[in-house]
Amino acid sequence: MRELAALLVMVSLLMPGQGQARTDIVAAGIDGAQNLGRVTVRWFGVPLYDAALYIEGGERFSWQVPMALELAYRREISGERLVEATARELERIEGSRRDHPIILEKLESCFRDVAQGDRFLAVAQAGDRVDFWFNGARVCEVRHENLRKRFLGIWLSDDARSIALSRRLRGQ
């Protein structure tokens, strides 16, 4: 199975754009992945990244099904800034919680500096686990209570910074 996943990832590097993301999702174990929505996230009008949500089977969003959120970056951002932005969003959505530093420490080992064209894929097959892929290669696994909803909720919940973008990602 690992050989097949590695082959799919290698083939994906030869394919332009959309093919890579789909292959990453299959290699990550999201069977029958369906794209629910795509959005471009901007900061003061400047595009930062494109986001796309894929879910396993089904045609409707549910926190109970395996999912993958892909972020395709349009500009350079340091891994440190990605962690800082995640910290701000977790606190904005959840308020101050004791386990935020623990979550952020775990995520810090996963995040990388990104440049235009780089892709992160956050794959959540279970509620307490998110696997991270960077440019087609698996970089880490993070386990924490209710992590899928807490981390992916930054983009997918009604508490997201942009409710309209969140709903479009969820196909609503």
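In this predicted model, strands β3 (residues 67–73) and β4 (residues 119–126) run antiparallel and are held together by 6 bridges. One of the pairings puts Ala72 opposite Arg119, its bridge partner in β4. The two strands belong to an open sheet of 6 strands, laid out in the order β1-β2-β3-β4-β5-β6 with antiparallel pairing. At the edges stand β1 (33–43) and β6 (137–143); each has a single partner strand, so one side of each has no neighbour in the sheet. From one strand to the next, the twist averages 20°.

Helix α5 (residues 147–156) is mostly covered, with 9 of its 10 residues buried. The buried set takes in Leu147, Arg148, Arg150, Phe151, Leu152, Gly153, Ile154, Trp155 and Leu156, so two arginines are on the list along with the nonpolar names. Several of these residues turn up again in the largest nonpolar core, which counts 39 residues and has its most contacts at Met67, Phe132, Phe151, Leu152, Trp155 and Leu156. Helix α5 gives the most to this core, with 6 residues. Burial of this sort fits a general pattern: in soluble globular proteins, nonpolar side chains tend to be buried together.

Phe151 is a good place to look inside the core. Leaving aside residues up to four places away in sequence, Phe151 touches Thr86, Leu107, Phe111, Ala122 and Phe132. Of these, Phe132 is also listed with Phe151 among the residues with the most contacts in the core. Another core, of 11 residues, lies apart from the largest one, and its members include Ile25, Ile30, Ala52 and Val123.

As for covalent cross-links, a search of the whole structure turns up 1 disulfide. The partners are Cys110 and Cys140, with their sulfur atoms 1.7 Å apart. Cys110 sits in the loop between α4 (100–108) and β4, while Cys140 is in strand β6, so the bond ties together parts that are 30 residues apart in sequence. The torsion about the S-S bond is about 120°, which makes the disulfide right-handed. Both ends are covered: Cys110 counts as buried at 0% relative accessibility, and Cys140 is buried too, with a relative accessible area of 10%.

Salt bridges come to 15 in the model. Arg129 pairs with Glu141, the closest N and O atoms being 3.6 Å apart. This pair links distant parts of the chain, with Arg129 in strand β5 (residues 129–134) and Glu141 in strand β6, 12 residues apart. Arg129 counts as partly exposed at 24% relative accessibility, and Glu141 is also partly exposed, at 33%. Glu141 has a further partner in Arg143, where the closest N and O atoms are 2.5 Å apart.

Elsewhere, Arg170 forms a salt bridge with Asp158, with the closest N and O atoms 2.9 Å apart. Arg170 lies in the segment after α6 (163–169) and Asp158 in the loop between α5 and α6, so this pair ties together parts that are 12 residues apart in sequence. The arginine is the covered end here: Arg170 is buried, with a relative accessible area of 7%, whereas Asp158 is partly exposed at 40%. Back in the sheet strands, salt bridges that share partners join Arg129, Asp131, Arg138, Glu141 and Arg143 into one network.

How values were computed:
Residues numbered from 1 in each chain as written. Predicted model: local features only at pLDDT ≥ 70, side-chain atom pairs only at ≥ 80, totals over all residues. Heavy atoms only, no water. Buried < 20%, exposed > 50% of the residue type's maximum accessible area, 1.4 Å probe, protein only. Helix = DSSP H or I, 4+ residues; strand = E, 2+ residues; numbered from the N terminus. Pairing = 2+ DSSP bridges. Axes fitted to C-alpha atoms, helices over the stretch in contact; angles between N-to-C directions. Core = buried A, V, L, I, M, F, W, Y, C linked by side-chain atoms within 4.5 Å. Contact = heavy atoms within 4.5 Å. Disulfide = S-S within 2.5 Å. Salt bridge = Lys/Arg side-chain N within 4 Å of Asp/Glu carboxyl O.
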